[in-house]
Amino acid sequence: MRQLHLILLGSPGAGKGTHAEYLEKELGITHISTGDILREAVAQQSELGKKAQQYMDAGQLVPDELIIELAQQRLQQPDCTSGWLLDGFPRTVAQAEALTQLIEESNGSEPLAVNMTISDQEVIRRLSGRRLCRDCAQIFNVYRDNIGVADPCPTCGGQLYIRTDDQPEAIKERLKVYQDETAPVIEYYRRQGQLITVDVAGEQQQVSQHLLAAIKAPQASEK
Ligand code: AP5
């Protein structure tokens, strides 16, 4: 079977991480989140983490050279040979060009970019209600999952936390950065004929199924 190479594009809080978990299971491909890798590096205070932290906390992008090297190394790991799903990369045109070059140098297959669309108003609501589990990394939302302020993770009992960049000022900056830096990436994949667009404003399970159907039959979605 042809390897599947998927790129999830969408503003902060569009649901990339949430739906990536579902798609990873359904499609049997490796989910790679540059945001998760960076947060792990920050938690461990590795060299990468120390360099990335100030940018992340302020809602700004980590410099291209750091991220491109990180992505190149991750995509060469053995678990990527059966296909991958990128969440949070590429985020600038320079990153997209580096990814194209990397794919051309490996197997040359065509990636499919999925543009997940949602209003800024819904993004702000979702991010202000987001909670993550320190132990199992599952993503929740106080507006949907019936979670109180000090409640433990409903799945594993671990501690729930709020991401530093989910504060109002950082959310505002991330939305601006998305428009300035990442919106051109959507046009990059549209020009290559490798883009589909999916409205992700609805209920989570329905959106997941809608995304899966659009990925399986991309010709039926807007290219
Ligand atoms: P990253 O971790 O990639 O953050 P992001 O792109 O801002 O996206 P989020 O993780 O905030 O949102 P999401 O779309 O995954 O939404 P989620 O599924 O959680 O990056 C963080 C930082 O790292 C960046 O700011 C930057 O500094 C750095 N970085 C990372 N990659 C980089 C790169 N390539 N270049 C440079 N810097 C980079 O959902 C949000 C909430 O909504 C959750 O609570 C969820 O439960 C809820 N939700 C989801 N779907 C639904 C639904 N359908 N209905 C109701 N609620 C829903």
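Modeller: A salt bridge here is a side-chain nitrogen of Lys or Arg within 4 Å of a carboxyl oxygen of Asp or Glu. The structure holds 12 of them. This is a predicted model, in which local features need pLDDT of at least 70, side-chain atom pairs count only at pLDDT 80 or more, and totals for chains, interfaces and linings use all residues. Residues are numbered from 1 along each chain as its sequence is written, and side-chain values use heavy atoms, with hydrogens and water left out.

Colleague: What makes glutamate 47 and lysine 50 a salt bridge?

Modeller: Their closest N and O atoms are 3.8 Å apart. That is within 4 Å, so the pair qualifies. Both residues lie in helix H3, residues 47–57. They are three residues apart, about one turn of the helix. Helices are DSSP runs of H or I with at least four residues, strands are runs of E with at least two, and numbering starts at the N terminus.

Colleague: Why is glutamate 47 called buried or exposed, and which class does lysine 50 get?

Modeller: Buried means under 20% relative accessible area, exposed over 50%, and partly exposed in between, with a 1.4 Å probe and protein chains only. Glutamate 47 has 54%, so it is exposed. Lysine 50 has 47%, so it is partly exposed.

Colleague: How do you know that arginine 126 and glutamate 122 pair up?

Modeller: Their side chains come to 2.9 Å, N to O, and form a salt bridge. The two residues sit four apart in helix H6, so about one helical turn separates them.

Colleague: Buried or exposed, and why: arginine 126 and glutamate 122?

Modeller: Arginine 126 stands at 17%, so it counts as buried. Glutamate 122 stands at 18%, so it is buried as well.

Colleague: What makes aspartate 165 and arginine 174 a salt bridge?

Modeller: The closest N and O atoms of this pair are 3.7 Å apart. Aspartate 165 is buried because its relative accessibility is 11%. Arginine 174 is buried because its value is 10%. Salt bridges that share partners join Arg130, Arg163, Asp165, Asp166 and Arg174 into one network.

Colleague: Which residues are closest to the ligand?

Modeller: They are Thr18, Gln60, Arg91, Arg130 and Arg174. In total 35 residues surround the ligand. A residue joins this shell if one of its heavy atoms lies within 4 Å of the ligand.

Colleague: What makes the ligand's partners polar contacts?

Modeller: A polar contact is a pair of N or O atoms within 3.5 Å; within protein, one must be able to donate a hydrogen and the other to accept it, and residues adjacent in sequence count only if both atoms are side-chain atoms. A backbone N or O atom of glycine 15 lies 3.0 Å from a ligand oxygen. For threonine 18, a polar side-chain atom lies 2.6 Å from an oxygen of the ligand. For glutamine 60, a backbone N or O atom lies 2.5 Å from a ligand oxygen. The protein covers 97% of the 1000 Å² of accessible area that the ligand has on its own. That area comes from the Shrake-Rupley method with a 1.4 Å probe; for residues, only the protein chains shown count as cover.

Colleague: What makes up the shell around the ligand?

Modeller: The shell divides into 11 nonpolar, 14 polar and 10 charged residues. Ala, Val, Leu, Ile, Met, Phe, Trp, Tyr, Cys and Pro count as nonpolar, Asp, Glu, Lys and Arg as charged, and the others, Gly among them, as polar. Helix H1 (16–27), helix H2 (34–44), helix H6 (120–128) and strand E6 (139–141) each supply at least two shell residues.

Colleague: How many disulfides are there, and how do you know?

Modeller: The count is zero. Cysteine 136 has its nearest cysteine sulfur, that of cysteine 133, 3.8 Å away. A disulfide needs two cysteine sulfur atoms within 2.5 Å. The sulfur of cysteine 153 is 3.7 Å from the closest one, in cysteine 133, so that gap is too far for a bond.

Colleague: Why are cysteine 136 and cysteine 153 classed as they are?

Modeller: Cysteine 136 is partly exposed because its relative accessibility is 33%. Cysteine 153 is buried because its value is 3%.

Colleague: What is notable about phi of glutamine 45 and of asparagine 146?

Modeller: Phi of glutamine 45 is near 55°, a positive value in a residue other than glycine. Glutamine 45 lies in the loop between H2 and H3. At 37%, glutamine 45 is partly exposed. Asparagine 146 also has phi near 55°, positive in a residue other than glycine. Its loop runs between E6 and strand E7 (160–161). Asparagine 146 is exposed because its relative accessibility is 76%.
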